[in-house]
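Colleague: Got a minute? I'm new to this one and would like a quick tour.
Modeller: Sure, let's put it on screen.

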Amino acid sequence: MNWHTRYAQQAKWTHDLRAYLFNKAKLEDANRVLEVGCGTGAILSELPLHIPFHGLDLDSAALAECRIHAPAASLIQGNALALPYPNESFEIVYCHFVLLWVRDPLQALLEMKRVTKSGGHIIAFAEPDYSHRIDKPDELIQLGKWQTDSLIQQGADPSAGGRLAGLFFQAGIKINETGTIHSGESDASPEEWEIEWAVIESDLAESVSGEDIQKMKALDQQARARGERVWHVPTFFAWGSS
């Protein structure tokens, strides 16, 4: 599984939203910007080079690749639950498909708020809610259940997205705007469909037989060919101020 390809696909889903919210947050005027959970640099690589931007991730291998894709970024290995930065260090702090993977998302948001300057911006661009996933036709519902169970086994909270606004409120972050994004599962191109299935196969490799996975993949492909495939995971964003 090429994870940078996956992260780039997810970044494509939020491209317009990021342009909109970064404009609202006055990214062009920022002196310091932090991405919490920067991964391989799919988003950092798109930021304007004149802005001092920083990235943090737990995964040393992801950071090594991030240095290739975003060589201008100041990168550090660290934990979102205890950010290694002083109070009020950044004008903008954001994350992207990260809070569902954090053991305590409220603590992560409290840390993001702590390192954000007074009046600065905290943004969670995309957090999915797999507890409200929709799969059609009915024979593919089991696929969604398998993947959700796999995420739980991997330590993720599949319902984090549905609680995003509440978590911002609990963290004392003033919400400026929140809503859902279009993540494009049902109308994916053939290339995007293959990426999605690479993720599914990776997720299910330890819990579902290869034969059963391939049966589901064939059912998915047949449903798409008939124009009957619906596959939707509600995905939420929130933009707030410290």
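Colleague: Let me start with glutamate 201. Is that residue buried, partly exposed or exposed?
Modeller: Glutamate 201 is partly exposed, with a relative accessible area of 26%. Keep in mind that this is a predicted model.

Colleague: OK. Which residue does glutamate 201 meet in a salt bridge?
Modeller: Lysine 217. The N to O distance is 3.4 Å.

Colleague: Where do the two sit, and what does the pair tie together?
Modeller: Glutamate 201 is in helix α7, residues 190-204. Lysine 217 is in helix α8, residues 210-226. The pair therefore ties together parts that are 16 residues apart in sequence.

Colleague: And lysine 217, buried or exposed?
Modeller: Buried. Its relative accessible area is 16%, and buried means under 20%.

Colleague: How many salt bridges does the structure hold?
Modeller: It holds 14.

Colleague: Give me another one. What does aspartate 157 form a salt bridge with?
Modeller: With arginine 163. The closest N and O atoms are 2.1 Å apart.

Colleague: How accessible are those two residues?
Modeller: Aspartate 157 has a relative accessible area of 21%, so it counts as partly exposed. Arginine 163 is partly exposed too, at 35%.

Colleague: What about aspartate 220, which residue is its salt-bridge partner?
Modeller: Arginine 229 is one partner, with the closest N and O atoms 3.3 Å apart.

Colleague: Are aspartate 220 and arginine 229 buried or exposed?
Modeller: Both are buried.

Colleague: Which residues are linked with them in a network of salt bridges?
Modeller: Arg133, Asp135 and Arg224. Together with Asp220 and Arg229 they make up the network.

Colleague: New topic. Where is glutamate 28 found?
Modeller: In a loop. That loop runs between α2 (15-24) and β1 (33-36).

Colleague: Buried or exposed there?
Modeller: Exposed, because its relative accessible area is 51% and the cut-off is over 50%.

Colleague: What is glutamate 28 in contact with, leaving aside neighbours within four places in sequence?
Modeller: Pro48, His50 and Ile51.

Colleague: What joins the side chains of glutamate 28 and histidine 50?
Modeller: A polar contact of 3.1 Å.

Colleague: Last one. What separates glutamate 28 from valine 233, C-alpha to C-alpha?
Modeller: A distance of 32 Å. Along the chain, the two are 205 residues apart.

Conventions. Residues are numbered from 1 along each chain as its sequence is written. This is a predicted model: local features need pLDDT of at least 70, side-chain atom pairs count only at pLDDT 80 or more; totals for chains, interfaces and linings use all residues. Side-chain values use heavy atoms; hydrogens and water are left out. Helices (H or I, at least four residues) and strands (E, at least two) are DSSP runs, numbered from the N terminus. Buried means under 20% relative accessible area, exposed over 50%, partly exposed in between (1.4 Å probe, protein chains only). Contact means heavy atoms within 4.5 Å. A polar contact is a pair of N or O atoms within 3.5 Å; within protein, one must be able to donate a hydrogen and the other to accept it, and residues adjacent in sequence count only if both atoms are side-chain atoms. A salt bridge is a side-chain nitrogen of Lys or Arg within 4 Å of a carboxyl oxygen of Asp or Glu.
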